[in-house]
Structure formats: structure tokens, C-alpha cells
Protein chains: 2
Amino acid sequence: MRLGTDDAKRRAETSGQDEVRRANVSTVLRLVHFGGAKTRSEIVAATGLNRSTVGALTAELVRLGLIRERRGEVVGKGRPSNVVEPVSQSVYVLAFDITAGEVAAARVGLGGYLLQVRRRLHQGPVQDVAGVVDHLAMLVREMRAKAAPGSLCLGVVVSVPASVRQPDGLVRRSPSLGWYEAPLVVMLAAALGHELPVAAGNDGDLGAVAEYLRGAARGSRDVLYIRGQDGIGGGVIVDGELLKGAGGYAGELGHIVVRPEGRHCACGARGCWEAETGDSAIIRAFGRNPHDSDIEDVIADVATGSRRALSGVRKTGEIVGLGLATLMNIFNPDTVVLGGSFGSLFPTMEPTLHAAVARALGPIREQATLVRSELGSDAQLIGAAEVAFADVLDHPVRTIEALLAVATPNAAESNIKAIRATS
Amino acid sequence: MRLGTDDAKRRAETSGQDEVRRANVSTVLRLVHFGGAKTRSEIVAATGLNRSTVGALTAELVRLGLIRERRGEVVGKGRPSNVVEPVSQSVYVLAFDITAGEVAAARVGLGGYLLQVRRRLHQGPVQDVAGVVDHLAMLVREMRAKAAPGSLCLGVVVSVPASVRQPDGLVRRSPSLGWYEAPLVVMLAAALGHELPVAAGNDGDLGAVAEYLRGAARGSRDVLYIRGQDGIGGGVIVDGELLKGAGGYAGELGHIVVRPEGRHCACGARGCWEAETGDSAIIRAFGRNPHDSDIEDVIADVATGSRRALSGVRKTGEIVGLGLATLMNIFNPDTVVLGGSFGSLFPTMEPTLHAAVARALGPIREQATLVRSELGSDAQLIGAAEVAFADVLDHPVRTIEALLAVATPNAAESNIKAIRATS
């Protein structure tokens with residue numbers, strides 16, 4: 001149901017001719033960014049636009065250097081339809097995923113391609129925000145140096161296991177990093193000399209976006225994404241949109257109460273889901289001590305098939321499933337994606353999980369599919385990149401021309417073609 | 001963040017001239033339906049449309065009989081701006097709210113006015129779906145007979161404490177009514193000789209819609225609505241849209257797990273929130289027996305201020321607050337609306353509630369306001385009516401002309417004015 005006056009108003013605003021053209025250019029770019037190579041015929045079919053309009057739109061995107069066209073294969077009679085595909089080296093995003101253990105970094109090109117990925121241990125204690133920021137800035141410089149000549153950087157986006165205030169990217173709280181009220185985005189932007197837009201997002205949200213757009217939840221509309229780690233990173237897609245809440249803090253799925261009198265949680269409360277089944281709790285469920293074992297040891301235990309390991313799998317699956325049942329009853333998702341430690345344990349844990357989520361209401365249970373993350377530890381990087389792709393997808397012409405004007409202050413619009421030809 | 005290709009596509013589709021005009025007529029009608037009387041100047045300011053366009057749009061709506069215009073007050077210099085207001089008797093919806101104890105019925109006019117409200121005990125056992133349907137059909141006939149001459153009925157919408165399949169309105173499960181796989185909508189449509197559109201919805205969802213549009217959550221974007229009753233009816237507004245989920249079953253907030261080893265719930269699981277704090281649990285918390293006391297006795301106890309009553313309030317507030325904290329961590333709402341038994345107990349329970357939700361994460365807790373339902377037991381009726389108002393709000397011309405064609409099969413479009421003049 002549409003509620004209130006918003007939708008009609010928004011539509012009434014988007015009726016001008018320029019606006020229609022911008023929206024159409026954007027639609028074609030989105031199609032190939034999210035769907036990969038497409039024939040012109042496929043674009044005509046997907047958009048409902050006519051063939052000559054599609055030709056003009058792709059010509060505009062070729063001029064901007066964002067897509068290329070090549071002759072398609074001849075299928076049956078008639079002229080082959082040109083194939084349109086994103087130029088992955090045209091624009092890119094530098095994406096980071098900070099966890100307690102490491103910094104993952106990637107250069108992600110248009111079309112969501114991982115052009116370069118690096119995983120580095122922290123150089124000092126992770127609690128030292130300034131030290132982590134210096135490390136990120138160094139990685140930014142290294143990765144920019146490796147980018148293809150003429151390739152444009154859209155910005156830097158950092159995934160953190162944290163409540164992040166928008167739009168200023170203040171990290172309000174991250175127990176697993178030990179960061180509280182840390183101005184991550186302001187500090188990183190300064191360390192980069194304010195040359196690039198910088199943003200930050202919650203790891204669960206970005207993972208959900210990635211699995212929805214390019215991973216295990218492609219084609220779903222209502223998705224739960226859960227990443228087991230020190231804590232639990234969670235994100236929810238509701239009818240194709242990321243759940244954000246009033247302040248952008250929604251989706252703190254690790255802090256649903258599963259045992260009111262249970263373990264103390266880093267958030268100050270007791271019996272939160274993440275206190276009961278974060279990595280430390282899983283390690284304990286396997287009869288190990290979290291101080292001298294890690295989740296890799298648990299995975300190794302599973303491979304042995306010992307009774308202790310089977311018991312650990314069962315205990316973990318039961319409490320993971322208990323939280324999932326609560327979330328399923330709330331969201332009625334079509335797909336539930338498990339990543340991180342839950343993804344690693346998924347193959348052995350699956351029967352226990354299914355038994356545990358049987359407590360969800362029948363009509364809801366029968367619609368939900370539980371799957372393992374497809375993107376694994378790349379999910380946060382891929383999701384982070386989409387944050388910075390948003391502008392060029394919404395406003396391709398304006399965004400590219402603005403970037404070129406900065407890159408080459410004297411370049412008039414007529415120079416675009418020459419400049420982009422080098423990419 | 002906008003995800004994927006949907007939004008751009010939707011916008012590209014709504015660009016034709018006819019479509020723009022339809023959207024504008026719809027926008028003006030929504031403004032007065034949801035906001036009440038408005039001067040033309042206010043409509044110009046709210047829509048961004050120019051004065052002559054607004055004049056043409058209001059003229060169209062006057063022709064359809066949906067609004068009336070009157071001369072406004074003179075304020076300062078210049079001509080007074082005409083005041084536009086909805087004609088509440090022009091079109092109406094018959095709304096029902098079925099609970100275990102009674103049937104509430106209302107005739108709701110354009111603008112959301114309750115033109116007539118009736119509350120009736122069930123005529124037989126509530127488990128007898130066919131008997132309840134007969135009762136509803138009788139009330140439909142009675143209320144239609146009371147409607148103003150020329151007034152058009154948009155349809156019948158029934159609120160039930162149930163998982164309702166859309167679009168066919170099959171009641172999948174309603175423990176409190178004892179209905180399972182009951183084809184409520186099909187049966188009621190047949191009982192009414194297929195003369196009116198019939199729909200059904202979940203009581204929590206409809207209450208959420210009503211409080212968001214016309215009650216305690218007006219102006220909020222992210223709302224939790226919770227109605228304490230036999231069970232717990234819940235509904236969630238996410239960024240101005242009702243949370244529905246893959247099959248329309250989302251928002252089963254009563255079935256979040258708050259005590260894994262707790263009381264048996266009617267859903268078959270244990271420790272669901274509604275098993276721990278539905279009406280029976282509240283009555284027990286007040287030291288009473290649910291078999292010979294009801295929630296009215298509890299409210300009377302509160303008025304005495306006895307120690308037993310204070311203890312009951314505290315126990316109830318703690319468990320209600322525990323569930324609220326989980327939901328707040330998930331949704332980061334700006335407003336939490338408590339209705340039903342929770343609304344009745346709200347004034348005395350408020351301090352305990354605030355203490356209990358302190359366990360929610362800081363950035364989330366500081367953004368949420370807990371309030372008592374404004375619409376009380378009318379919320380479901382008002383929310384149900386909006387389901388059937390949707391068509392006339394989206395497509396005013398098409399909907400009214402179609403209704404008139406049925407009402408008076410030989411009426412050509414030129415007769416509309418004459419017919420509507422009787423309203």
C-alpha cells in the first residue's frame with residue numbers, strides 16, 4: 001500500500017524532459033552495471049524504450065567512457081544487435097572492510113568488478129583510530145597508483161562493524177574495534193587532503209546490499225543478511241530497499257534478546273544474540289577457550305567429525321536458528337543469507353538450523369530459503385563500492401563532467417572524448 | 001540508498017502527459033484526504049504546481065463530487081484564497097475489526113471521518129467463520145442503508161488478528177479467533193452477492209497505518225505499532241511504507257522469542273513475546289486467574305494502587321520493554337506507539353518501560369519516542385478504511401466514473417454532475 005502523499009509528489013516532480021532523459025541514461029547504465037553485458041535488443045525489452053532512443057542513450061554513455069559497444073553475434077536472420085557492456089576501468093571506488101583482525105582493501109570498477117584486492121593485518125592496535133586511518137590513507141595512495149591511466153576515482157568507502165551516523169560518518173560505537181564517537185570519515189578525508197569523497201557504512205548493511213545486488217540473494221526482494229564474527233553484523237533489504245531506520249542505525253540484528261538472563265554483551269545488556277553466538281560463544285560451544293583458540297580451530301574441529309565438534313555444531317545451530325526464527329517472524333523474508341562464521345559452518349550446521357527455524361510461523365517459514373553467502377569476505381567490499389557508485393548511476397553526465405573538470409581544470413566539454421579515449 | 005534498477009524504471013514509466021495530470025489530481029486529493037481543509041495557496045505551496053493548474057485540478061475534483069470549495073477568510077490585503085475540503089459523504093468504506101470479544105464496524109467517509117461506529121458482541125461462537133460472515137453481511141446492509149443518498153461505497157475491509165494471504169484474503173492462521181485457512185474474503189464477497197470489493201488485513205498492520213497517517217505517529221517516518229490483546233498485534237512503518245515482507249506476513253511482532261524456555265504459545269513455539277505478555281499473562285502478573293478475570297479487572301486494580309497492582313505493572317512493563325528493546329535495535333524507529341492493553345496500562349507502566357528499553361543501543365534509544373495510541377480501539381477501523389480508499393486516491397477520475405457507471409448503468413459521463421449534485 002502506498003501511504004500518504006509522498007509518492008505522488010515525488011512523481012509529479014520528475015516530469016520535465018531533461019529529467020526524463022537523465023532518468024533514461026541512468027536506467028541504461030544501471031542495467032549494465034548490475035546485469036553485465038546486454039544486447040541493445042535486451043535493453044529495449046528491459047526498459048520499454050524504443051530502439052532509436054536506446055541508441056542515443058548508449059552513444060551518450062560511450063561518449064562519457066562508461067560503456068563500450070561491440071558488434072554482437074549473428075543469431076538467426078537479420079542484423080546482429082550491438083552488445084553494450086560497462087568499461088570496468090572507466091571509474092572505480094576504493095573500498096575497505098575493517099574488522100578486529102585485518103583491513104581488506106579493494107579497487108572496484110564499474111560493473112562491480114574487483115580489479116585489485118589486498119588483505120593486511122593492522123599495523124598497530126586496532127583501537128588506535130589515527131593509526132588505522134594512516135594505514136587506510138597509505139593503501140588509498142598505493143591502489144590509486146595502480147589504476148589505469150585516465151581512470152576516475154569516485155571515492156573511498158569504509159565498512160566498519162559499527163553504528164555509523166549519516167551523513168558525516170561518525171562511528172558512534174564499535175565494541176569489536178573499541179571505537180566510540182570516532183570521526184572516521186572526517187579523519188580519513190583530511191588524511192587524503194580532501195581530494196576524494198569519503199563515506200563509511202555498517203558492515204552488515206553493506207553485506208546485505210552486496211548479496212542482494214550481486215550475490216546469494218539476487219532476484220529476492222526481502223532479504224536478511226547475517227555475518228557471524230566477533231559480534232553479529234546484520235542488514236535487511238525490505239522490498240528492494242536497505243532498511244535504515246530514523247537515524248541510519250537500523251538492522252542491529254546482533255542485539256535482539258535471545259536469553260534475558262544470558263551472557264553479558266559488549267553493548268552493556270545481557271543475553272543479546274551476538275553475546276550468545278558471536279565467535280567467542282561459538283568457540284566455547286566447541287569446548288575451546290576463546291583466549292587461545294579462534295574460529296579457524298573450530299572449522300578444523302568440524303572436519304574431524306568428533307563428538308565434541310558435532311555437539312558444538314548443534315549448540316551453535318540452535319541458538320543461530322532461534323534468532324533467525326525471531327527475525328523471520330518480523331520480516332517474512334524470501335532469502336536469508338548467512339556469512340562470516342555462520343557461512344563457514346553453514347554446510348554442517350544446516351540440518352540443525354532448519355530444525356530450529358521450524359518454530360517460525362508456518363506461512364512465513366514456507367516462504368524463506370536459507371542460503372550461504374556467495375560473496376564471502378568480499379561482500380563488504382562489493383557493498384561499500386555501491387555507495388560511491390550511486391552518484392554516477394543516478395547522474396552519469398553531471399558526475400563524469402564534474403570529475404573531469406577537477407582532473408583537468410581547463411578541459412572544456414569538447415575535450416571529454418579525447419581524455420576518455422585514453423581509458 | 002536506492003538499490004538496483006527499479007526506481008529509475010518506475011520513474012521513466014510515469015512521464016506521459018495524461019499520467020502527469022492523473023498524478024497531480026491524485027496529489028491534491030491526497031492532500032485534503034490526509035490533511036483536511038486547505039486553502040488553494042497552501043495547495044500551491046505544498047505541491048509546487050502553479051495557481052492555474054491547481055484551479056483546474058480542484059475543479060475536476062469538485063466535478064467528481066469528492067471535494068467542495070468555499071470562499072476563505074480575508075487575511076490581510078488581497079483576495080481571500082478559496083478553501084478546499086473533502087466531502088466526507090461523497091465516498092465511504094465499510095470497515096470492520098474482528099477480535100475474540102466483538103465485532104467493531106464503521107462507515108468511514110473521505111477524509112477518514114468515522115461517520116458511524118457500531119460495536120457488537122459476536123452472535124455465536126467466534127470460531128464459526130460462517131456465522132461471523134453472516135453477521136458482517138448484516139451489518140454491511142444496515143450501514144449502507146444509513147449512508148447519504150448518492151454516496152458511493154468503495155468497498156468492505158476487515159481487520160483480523162491473523163496472518164492474511166494477499167491478494168485473496170485467505171486467513172492462514174488466527175489462534176485468537178480459532179480460524180485456520182479460512183477464506184474470509186471469498187465468503188463475505190459471496191454473502192454480499194459480489195456487489196462490493198472485499199479485502200482483509202492484519203490488525204497490527206492496519207493499526208500502524210492508522211496511527212502513522214492520522215494518529216500518534218503523524219510526521220514520523222519509522223514507526224513501531226504494538227497492540228496488546230489476547231496476542232500481540234504488530235505493524236511496522238519503514239521510511240513511510242508498511243512493512244509487508246515476501247508474502248505480506250511480516251510484522252508478526254508477537255512471535256519474537258523473549259524467553260526460549262518460557263510459556264507455550266498458541267503458535268506452537270515457546271517463550272514468544274505474546275505468550276509472555278498477552279492479556280492472559282498480564283492478568284496472571286496481577287495475581288489473577290485469566291479464567292475468571294479480564295483486562296478490565298486489571299485496569300481497575302491499577303486504579304487502587306495496591307502493592308499487588310504495582311508489582312503487576314512492573315512485571316508487565318519489564319517484559320513489554322524487553323521486546324521493545326529488541327524491536328528498537330532492529331528498526332531504529334522515531335516513534336513507538338502502544339495500543340490495546342499496553343495503551344491502557346501506558347500511563348502507569350511508562351517509568352518501567354523507559355527503564356527496560358534502556359538496554360537498547362544508545363544511538364537508537366536516544367532517537368525513539370514511546371507514546372500511547374491516539375486512536376485507541378478505532379485504529380483498526382481507520383486503517384482498514386485506507387485500504388479501500390487507495391484506488392480513489394490513486395485514480396480519482398477512473399474510480400468514480402466506474403462506480404457511477406455501475407450505480408446507474410445508463411449514465412453517460414455528462415450526467416455525472418447531476419448525479420453528484422444529490423450528494
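Here's a quick briefing on how two chains sit together and how a few parts of them are built. The model is predicted. Chain B lands on chain A with an RMSD of 0.0 Å after a turn of 180° and a shift of 0.0 Å along the axis. The two copies are thus related as by a two-fold rotation axis. The same surface does the job on both copies, as 100% of the contact residues of chain B recur in chain A.

**Where the chains meet**

- The contact draws 68 residues from chain B and 69 residues from chain A.
- On the side of chain B that touches chain A, the elements giving two or more residues are α1 (6–13), α2 (17–35), β9 (170–174), α7 (203–214), β14 (241–242), α11 (307–331), α13 (362–365) and α14 (379–394) of chain B.
- α2(B) supplies the largest share of that side of chain B, with eight residues.
- Sorted by class, the side of chain B that touches chain A comes out as 34 nonpolar, 19 polar and 15 charged residues.

**The three-stranded sheet in chain A**

- Three strands of chain A make an open sheet, ordered β1-β3-β2, with antiparallel pairing.
- At the edges sit β1 (38–39) and β2 (67–70) of chain A, each pairing on one side only.
- β1(A) is joined by two bridges to strand β3 (residues 83–86) of chain A, and the two run antiparallel.
- If you want a residue to click on, A:T39 has A:V83 in β3(A) as its bridge partner.
- Helix α2 (residues 17–35) of chain A packs on this sheet and touches β1, β2 and β3 of chain A, with its direction at about 75° to that of β3(A).
- Helix α4 (residues 51–63) of chain A packs on the sheet too, touching β2 and β3 of chain A, and its direction makes about 120° with that of β2(A).

**The sheet in chain B**

- Chain B has an open sheet of three strands in the order β1-β3-β2, paired antiparallel.
- Its edge strands are β1 (38–39) and β2 (67–70) of chain B, and each pairs on one side only.
- Four bridges tie β2(B) to strand β3 (residues 83–86) of chain B, in an antiparallel arrangement.
- One pair to look up here is B:E69 with its bridge partner B:V84 in β3(B).
- α2(B) packs on the sheet, where it touches β1, β2 and β3 of chain B, and its direction makes about 75° with that of β3(B). This is the helix that gives eight residues to the side of chain B that touches chain A.
- Helix α4 (residues 51–63) of chain B packs on the sheet against β2 and β3 of chain B, with its direction at about 120° to that of β2(B).

**Domains of chain A**

- The domain assignment splits chain A into domain 1 (20–86), domain 2 (91–205 + 379–421) and domain 3 (216–374).
- Taken over C-alpha atoms, the centres of domain 1 and domain 2 of chain A are 29 Å apart.
- Each of these two domains of chain A puts 13 residues into their contact.
- α2 and α4 of chain A are the elements that give two or more residues to the domain 1 side of that contact.
- The largest share of the domain 1 side, six residues, comes from α2(A).
- By class, the domain 1 side that touches domain 2 of chain A holds six nonpolar, four polar and three charged residues.

**Strand β13 of chain A and its partners**

- Strand β13 (residues 232–238) of chain A is mostly covered, with seven of its seven residues buried.
- A:I232, A:G234, A:V236 and A:V238 point one way from β13(A), while A:G233, A:G235 and A:I237 point the other way.
- In a regular strand, side chains alternate between the two faces of the sheet.
- Strand β12 (residues 223–228) of chain A pairs with β13(A) in the antiparallel sense over six bridges.
- Within that pairing, A:V223 stands opposite A:I237 in β13(A).
- β12(A) and β13(A) form a hairpin, with three residues between them.
- Two bridges join β13(A) to strand β14 (residues 241–242) of chain A, and these strands run antiparallel.
- A:V238 faces A:E241 in β14(A), standing opposite it.
- β13(A) and β14(A) form a hairpin with two residues between them, and A:D239 in the turn has a positive phi of about 45°.

Conventions. Residues numbered from 1 in each chain as written. Chains lettered and ligands numbered in written order. Predicted model: local features only at pLDDT ≥ 70, side-chain atom pairs only at ≥ 80, totals over all residues. Least-squares fit on C-alpha atoms with pLDDT ≥ 70 in both. Contact = placed C-beta atoms within 7 Å. Pairing = 2+ DSSP bridges. Axes fitted to C-alpha atoms, helices over the stretch in contact; angles between N-to-C directions. Nonpolar A, V, L, I, M, F, W, Y, C, P; charged D, E, K, R; others polar. Domains from an automatic or database assignment. Buried ≥ 20, exposed ≤ 12 C-beta atoms within 10 Å, placed from the backbone.
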